[in-house]
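Please open the model in your viewer and keep the sequence panel beside it, since each stop below asks you to select a few residues and look at what surrounds them.

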Amino acid sequence: MTRVPAATTYRDYIWDLGGTLLDNYASSTTAFVDTLAEEGITATRAEVYRALRVSTAYAVETFAADVPGFLAEYKSAEAGELATPMLFDGAYEVLGGVVEAGGRNFLVSHRDRQVLHLLAMTGIDGLFTAVVTADDGFPRKPDPSSIRHLVERYDLTDVVAVGDRPIDVEAAVAAGIDAIYFNGGRPCPGAERAIASLRELLPIQA
């Protein structure tokens with residue numbers, strides 16, 4: 001089968017990282033469960049995984065709201081688990097397809113500039129026009145400020161945001177752009193499209 005450029009519905013793509021391009025939930029769950037155990041708190045992997053899919057803040061509030069310094073301990077453990085980051089199937093091909101089609105890729109992440117290291121380790125750093133991290137000072141999604149910044153800075157008109165959580169969709173809608181929801185193909189209010197695989201964004205011809 002021959003790969004052809006990414007879907008021409010949109011020219012530019014604003015991506016989330018964790019859970020969208022980077023398959024990090026399994027590693028993050030391990031780090032979170034282990035950190036809880038060190039504090040004498042028991043939770044199943046399934047419970048933690050579901051909570052992390054909502055947000056890190058939600059997971060901390062759910063399982064360790066009264067544990068001082070828990071977030072820092074968890075983040076330290078998570079960094080170790082993410083030492084060997086893995087992309088979702090099709091991520092590299094879709095990002096490359098966008099560029100081949102004359103489009104641009106952008107990234108908005110809640111993580112600090114560790115993101116740049118993760119992009120380099122997975123070999124996709126050269127496929128992005130701009131990367132926004134927590135160090136840039138924008139409010140966290142669903143606040144649309146980071147997306148609006150990219151839209152205005154790069155004069156984006158034919159653009160879509162791709163993310164795996166409802167807050168990604170909410171931020172895109174609030175910024176006035178379309179959203180694609182990547183979470184097992186389940187629908188999400190406000191999303192233009194729901195996908196179960198990144199390869200659904202990449203037309204394939206025989």
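A residue is called buried here when its relative accessible area is under 20%. With that cut-off in mind, select helix α5, where the buried residues are Ala91, Val94, Leu95, Gly96, Gly97 and Val98. The model you are looking at is a predicted one.

**Helix α5 and its end**

Stay on α5, which covers residues 91–100, and pick out glycine 97 within this helix. Its relative accessibility is 0%, and glycine 97 therefore counts as buried. If you add arginine 11 to the selection, you will find its C-alpha atom 11 Å from that of glycine 97, although the two residues are 86 residues apart along the chain. Move on to glycine 102, just after α5, where phi is positive at about 90°.

**The sheet**

Now show the strands. Six of them make up an open sheet with parallel pairing, and the order to follow across it is β4-β3-β2-β5-β6-β7. At the edges stand β4 (130–132) and β7 (193–195), each of which pairs on one side only. Ignoring direction, neighbouring strands of the sheet are turned by 20° against each other on average.

Select β2, residues 12–15, together with β3, residues 104–108; the two strands pair in the parallel sense over four bridges. Aspartate 12 has arginine 104 as its bridge partner in β3, and isoleucine 14 stands opposite phenylalanine 106 in that strand. On turning to β5, you will find that four bridges join this strand to β2, with the two running parallel; here tyrosine 13 stands opposite valine 160.

Which residues of β2 face one side, and which face the other? In a regular strand, side chains alternate between the two faces of the sheet. In β2, Asp12 and Ile14 lie on one side and Tyr13 and Trp15 on the other, and as all four are buried, both faces of the strand are covered.

Next, add helix α8 (residues 166–174), which lies across β5 (159–163) and β6 (178–182) and runs at about 175° to β6.

**The nonpolar cores**

Select Trp15, Leu17, Leu21, Leu107, Phe128 and Leu198, which touch the most other members of the largest nonpolar core, a set of 26 residues. At least two residues of this core come from each of β2, α5, α6 (114–122), β5 and β6, and α5 gives the largest share, with four residues. Centre the view on leucine 21 and, leaving aside residues up to four places away in sequence, look for its contacts, among them Trp15, Met86, Phe88, Leu95, Leu107, Phe128 and Leu198. There is also a second, separate core of 19 residues, which includes Val108, Val151, Val159 and Ile177.

**Aromatic pairs**

How many aromatic pairs does a search of the whole structure find? The search finds eight. Begin with tyrosine 10 and tyrosine 13, whose ring centres are 6.3 Å apart and whose planes meet at 80°, so that the pair is edge-to-face; both of these tyrosines are buried. Tyrosine 25 and tyrosine 49 also form an edge-to-face pair, at 5.7 Å centre to centre and with 65° between the planes. Because tyrosine 25 lies in helix α1 (residues 25–38) and tyrosine 49 in helix α2 (residues 45–54), this pair ties together parts that are 24 residues apart in sequence. Tyrosine 25 counts as buried, at 5% relative accessibility, whereas tyrosine 49, at 34%, counts as partly exposed.

Then select Phe32, Phe63, Phe70 and Tyr74, which form one aromatic cluster.

**Loops and backbone geometry**

Most residues other than glycine have a negative phi, and most peptide bonds are trans. With that in mind, go to the loop between β4 and α7 (145–153), where proline 142 is found; the peptide bond that leads into this proline from lysine 141 is cis, with omega near 20°.

Finally, move to the loop between α7 and β5 and select aspartate 155. Its phi is near 50°, a positive value in a residue other than glycine, and aspartate 155 is exposed, with a relative accessible area of 61%. Before you leave this part of the model, show arginine 153 and tyrosine 154 as well: the arginine lies over the face of the tyrosine, at 4.8 Å from the ring centre.

Conventions: Residues are numbered from 1 along each chain as its sequence is written. This is a predicted model: local features need pLDDT of at least 70, side-chain atom pairs count only at pLDDT 80 or more; totals for chains, interfaces and linings use all residues. Side-chain values use heavy atoms; hydrogens and water are left out. Rings of Phe, Tyr and Trp (its six-membered ring) pair if their centres lie within 6.5 Å; planes under 30 degrees apart count as stacked, over 60 as edge-to-face and the rest as tilted. Buried means under 20% relative accessible area, exposed over 50%, partly exposed in between (1.4 Å probe, protein chains only). A charge sits over a ring if NZ of Lys or CZ of Arg is within 6 Å of the ring centre and within 35 degrees of the ring normal. Two strands pair if DSSP finds at least two bridges between them. Axes are lines fitted to C-alpha atoms, for helices over the stretch in contact, and angles run from 0 to 180 degrees between N-to-C directions. Contact means heavy atoms within 4.5 Å. A nonpolar core is a set of buried Ala, Val, Leu, Ile, Met, Phe, Trp, Tyr and Cys residues joined through side-chain atoms within 4.5 Å.
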